[in-house]
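Morning, everyone. Let me put the model on the screen, and then I'll walk you through it.

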Amino acid sequence: MIRTAVARAGLCALVVSFATPSPGQTLAGGSGHSLVLKPDGTVWSFGVNSNGQIGNNTLTNQPTPQQVAGLIDVVAVAAGAQHSMALTSAGTLYIWGDNYYGQVGDDSTTDRKVPVQSSLANVVAIAAGEYHSVALTSTGDVYTWGRNTNGQLGTGNTTQSKIPALIATGATAIGAGYDHTLFVKTDGTVWAAGLNSSGQLGDASTTQRPSPVQMTGISTATAVAGGDQHSLILLSDGTLKATGANSSSQLGDTTTTQRTSPVAVSSLTGVVAIAVGGSHNLARTSANTVWSWGGNLSGQLGLGDTTNR
């Protein structure tokens, strides 16, 4: 049940409250399509289907939710611009949709209109950038594949990869932005690779990084998420930090100043989960309240207006 209580106090805005928390990533949105994971482990999709991202073996747009055939026991979903990902309880990964840059990871560039099983096993977390994919295994290995124009795969070059490439070990969490990749290591540090034009990698520079670099000032991270040109970091004490572009106040530090190193997000404590859009953010607290801030041109903050927060 969702309680539609809206409070407009302070920097952030309380959007909705959930009666019970969800155990995994049960919703995902691409550029024009959406994925919904139901409690029975099935995946439903709807929206634009120009590259097969709906997974129904057609290229016809789907205006209402439709079950993705062949997927059961799914525990998490993720969506890129035009590709989709689903992870099962057994650690099996399925990907479908746009494959122009190899983001499906099946050693081809052929679009896939139905889910294709990845060669990776024992996957425990997934993330999707605009045209690249990221996976974390149970042994802490981070794999990336797809577009690599800005070094977002973290492979030390800018060559796209049509199959998963190992870029790090000893990781506990992953995230992906438009053209950058993020991961948390066992020591709580955050590492990032890719486009850094606005400081979204948080290494005190705006230099593009084709190999992962350590984000400055972070040692207790538990989760990361990426937007268009900014990154959000959840710390073990339930507070947040952010870095990168800030023209829409997406860093939540009461300014619109770009940051190349992480700064504290004001006002929020007790955060247990985060999600990031192009220039806006969502955070869920231990009280099961959800807060939003940043760009609001299309009303994406859920406040009934189009004013940035």
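I'll take two sheets, then the salt bridges, then one serine. Keep in mind that this is a predicted model.

Sheets to begin with. Strands of a sheet pair through backbone hydrogen bonds, either parallel or antiparallel. Which of those two do we have here? Look at strands E3, E4, E5 and E6. They form an open sheet in that order, and the pairing is antiparallel. Strand E3, residues 27-29, sits at an edge, and so does strand E6, residues 62-67. Each of those two pairs on one side only. On average, neighbouring strands here are turned by 15 degrees against each other, direction ignored.

Now go inside that sheet. Strand E4 covers residues 33-37, and strand E5 covers residues 43-47. Five bridges join E4 to E5. If you want one pair to click on, take Val36, which stands opposite Trp44 in E5. Hold on to Trp44. I'll come back to that residue.

Next sheet. Four strands again, in the order E15-E16-E17-E18. This sheet is open, with antiparallel pairing. Which strands stand at the edges? Strand E15, at 171-176, and strand E18, at 209-214. Each has a single partner strand, so one side of each is left without a neighbour in the sheet. From one strand to the next, the twist averages 15 degrees.

Inside this sheet, look at E16, residues 180-185, and E17, residues 190-194. They run antiparallel, and five bridges join them. One pair to click on: Leu182 has Ala192 in E17 as its bridge partner.

On to charges. Side chains of opposite charge can pair when their charged atoms come close. How many salt bridges does the model have? The count is six, with a cut-off of 4 Å between nitrogen and carboxyl oxygen.

Let me show some of them. Asp106 pairs with Arg112, and the closest N and O atoms are 2.7 Å apart. Asp106 is partly exposed, at 23% relative accessible area. Arg112 is partly exposed too, at 26%.

Next is Asp203 with Arg209, at 2.8 Å between the closest N and O atoms. Are these residues buried or partly exposed? Asp203 comes out at 14%, so it counts as buried, given that buried means under 20%. Arg209 is partly exposed, at 25%.

Then Asp305 and Arg309. Their side chains meet in a salt bridge, 2.9 Å from N to O. Here Asp305 is partly exposed, at 21%, while Arg309 is buried, at 16%. There is also a network: Glu130, Arg147 and Asp179 are joined by salt bridges that share partners.

Last stop, Ser198. Where does Ser198 lie? In the loop between E17 and E18. Ser198 has 8% relative accessibility, so it counts as buried. What does Ser198 touch? Leaving out residues up to four places away in sequence, the contacts are Thr206, Gln229, Gly244, Ala245, Gln258 and Arg259. Gln229 deserves a click: its side chain makes a polar contact with the side chain of Ser198, at 2.6 Å.

And now back to Trp44. Ser198 and Trp44 are 154 residues apart along the chain. In space, their C-alpha atoms are separated by 35 Å.

To recap: two open antiparallel sheets, E3-E4-E5-E6 and E15-E16-E17-E18. Six salt bridges. And Ser198, a buried residue in the loop between E17 and E18. That's it from me.

Note on methods:
Residues are numbered from 1 along each chain as its sequence is written. This is a predicted model: local features need pLDDT of at least 70, side-chain atom pairs count only at pLDDT 80 or more; totals for chains, interfaces and linings use all residues. Side-chain values use heavy atoms; hydrogens and water are left out. Two strands pair if DSSP finds at least two bridges between them. Axes are lines fitted to C-alpha atoms, for helices over the stretch in contact, and angles run from 0 to 180 degrees between N-to-C directions. Buried means under 20% relative accessible area, exposed over 50%, partly exposed in between (1.4 Å probe, protein chains only). Contact means heavy atoms within 4.5 Å. A polar contact is a pair of N or O atoms within 3.5 Å; within protein, one must be able to donate a hydrogen and the other to accept it, and residues adjacent in sequence count only if both atoms are side-chain atoms.
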